[in-house]
Amino acid sequence: IEIKSVVSKLIDNEVGYLRLRAFNANSSDQLKKEISKIEKNKKLVGYILDLRNNPGGLLSQANEIADFFLDDGEIVSTRGRKEDTKYFAHKGDRINSKPLIVLINNGSASASEIVAGALQDHKRAVLLGETTFGKGSVQSIIPLRNRGAIRLTISKYYLPSGKSISEVGVVPDIKVEEIGEEFAINTDTDNQLNYAVKLFNGKIE
């Protein structure tokens with residue numbers, strides 16, 4: 001069963017909206033397809049990547065998806081007791097250097113923070129919303145004989161700037177808190193998304 005983790009739409013016929021709910025095994029392929037569809041629009045001025053309430057998922061997918069928007073440079077590094085690993089972007093920006101706004105909130109964790117943090121560090125995107133959750137550790141599940149298991153932290157994530165995400169999260173460039181009891185992501189009451197669209201339209205006072 002393929003879980004649909006990507007939702008996309010065109011806003012005002014000029015802003016591509018990409019909502020990523022999780023980093024599953026097929027998320028990057030789904031995102032690639034949606035970007036290809038949106039890229040056909042000649043009036044496109046930029047993209048909004050929505051990572052709000054995205055709890056994360058596969059590190060490999062975080063790297064692939066960050067790489068979609070970067071031409072080169074480090075995406076993330078993991079440092080553990082035994083080994084350190086660095087992941088780098090490859091040439092080719094799938095949205096052809098168009099402006100990018102990334103929406104984040106306290107529900108954005110792990111892989112979401114890696115993508116948002118890497119794009120912020122490379123000054124490739126403007127982050128809008130609220131500070132992320134702060135889950136910067138890699139865990140391994142070790143089974144025990146009594147059918148239980150131990151979850152052991154084996155390494156930590158570090159952003160290209162060298163900062164750890166752990167317990168601090170990623171701070172947005174523009175802080176916009178969600179407003180109102182009727183607030184719902186990707187609806188008319190989504191004041192964070194509305195703010196991002198206005199930034200593209202140059203309507204922010």
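Biologist: What share of the 205 residues in the chain do buried residues make up?

Modeller: Buried residues account for 48% of the 205. Keep in mind that this is a predicted model.

Biologist: Which elements does the chain have, and in what order do they run?

Modeller: There are four helices and ten strands. Starting at the N terminus, the order is β-β-α-β-α-β-β-β-α-β-β-β-β-α.

Biologist: How do I judge the overall build, and what is the radius of gyration of the chain?

Modeller: Set the radius against the globule rule. The radius of gyration is 17 Å, close to the 17 Å that the rule gives for 205 residues, so the chain is as compact as a globular protein of that length. The C-alpha atoms fill a box of roughly 60 × 45 × 35 Å along the principal axes. Accessible surface comes to about 10900 Å², and 50% of that belongs to carbon and sulfur atoms.

Biologist: Among contacts between residues at least 6 apart in sequence, what percentage join residues at least 24 apart?

Modeller: The figure is 68%.

Biologist: Now the interior. Which residues touch the most other members of the largest nonpolar core?

Modeller: The general idea comes before the case. In soluble globular proteins, nonpolar side chains tend to be buried together. Here the largest nonpolar core has 38 residues, and Phe69, Leu100 and Val102 touch the most other members. Two or more residues come from each of β2 (15-20), α1 (27-39), β3 (46-50), α2 (59-68), β4 (74-80), β6 (100-104) and α3 (111-121). α3 gives the most, with six residues.

Biologist: What is Val102 in contact with, leaving aside neighbours within four places in sequence?

Modeller: Val102 contacts Leu49, Leu51, Ala116, Leu119, Ala125, Val126, Leu127 and Leu128. There is also a second, separate core of 14 residues, and Leu128 is one of its members. Ile48, Leu193 and Val197 are included there too.

Biologist: How do I read one helix, say α1? Which of its residues are buried?

Modeller: Start with the repeat. An α-helix has 3.6 residues a turn, so residues three or four places apart point the same way. In α1, the buried residues are Ser27, Ser28, Gln30, Leu31, Glu34, Ile35, Ile38 and Glu39. Seen down the axis, they fall within an arc of 165°, so they line one face of α1. The face turned away from that buried side carries exposed Lys33 and Lys37. The cover over the buried residues includes β1 (6-11), β2, β3 and α2.

Biologist: How far apart are the end C-alpha atoms of α1?

Modeller: They are 18 Å apart. At 1.5 Å a residue, the 13 residues of α1 should span 18 Å, which agrees.

Biologist: And α3: how many of its eleven residues are buried?

Modeller: Ten of the eleven are buried, so to speak a mostly covered helix. Among them are Ile114, Val115, Ala116 and Leu119, along with Glu113 and Gln120. The buried residues of α3 pack against β3, α2, β4, β6, β7 (126-129) and β9 (149-158).

Biologist: What covers the buried residues of α4?

Modeller: The cover includes β1, β2, β3, β6 and β7. The buried residues of α4 (191-201) are Asn191, Gln192, Leu193, Ala196, Val197 and Phe200. Just after α4, Gly202 takes a positive phi of about 65°.

Biologist: How should I read phi in residues other than glycine?

Modeller: Most residues other than glycine have a negative phi. Lys123 has a positive phi of about 55° although it is not a glycine. Lys123 sits in the loop between α3 and β7. Lys123 is exposed, with a relative accessible area of 75%. Arg147 also has a positive phi, near 70°. Its loop lies between β8 (137-143) and β9. Arg147 counts as exposed, at 83% relative accessibility.

Biologist: One last loop. Where is Arg21 found?

Modeller: Arg21 lies in the loop between β2 and α1. Its relative accessible area is 41%, so Arg21 is partly exposed. Arg21 and Asn54 are 33 residues apart along the chain, yet their C-alpha atoms are separated by 5.0 Å. Beyond residues up to four places away, Arg21 touches Lys4, Ser5, Val7, Asn53, Asn54 and Pro55.

Note on methods:
Residues numbered from 1 in each chain as written. Predicted model: local features only at pLDDT ≥ 70, side-chain atom pairs only at ≥ 80, totals over all residues. Heavy atoms only, no water. Core = buried A, V, L, I, M, F, W, Y, C linked by side-chain atoms within 4.5 Å. Buried < 20%, exposed > 50% of the residue type's maximum accessible area, 1.4 Å probe, protein only. Contact = heavy atoms within 4.5 Å. Expected span 1.5 Å × (residues − 1). Arc of directions from axis to C-beta. Rg over C-alpha atoms; globule rule 2.2 N^0.38 Å. Areas by Shrake-Rupley, 256 points an atom, 1.4 Å probe, with all protein chains shown as cover.
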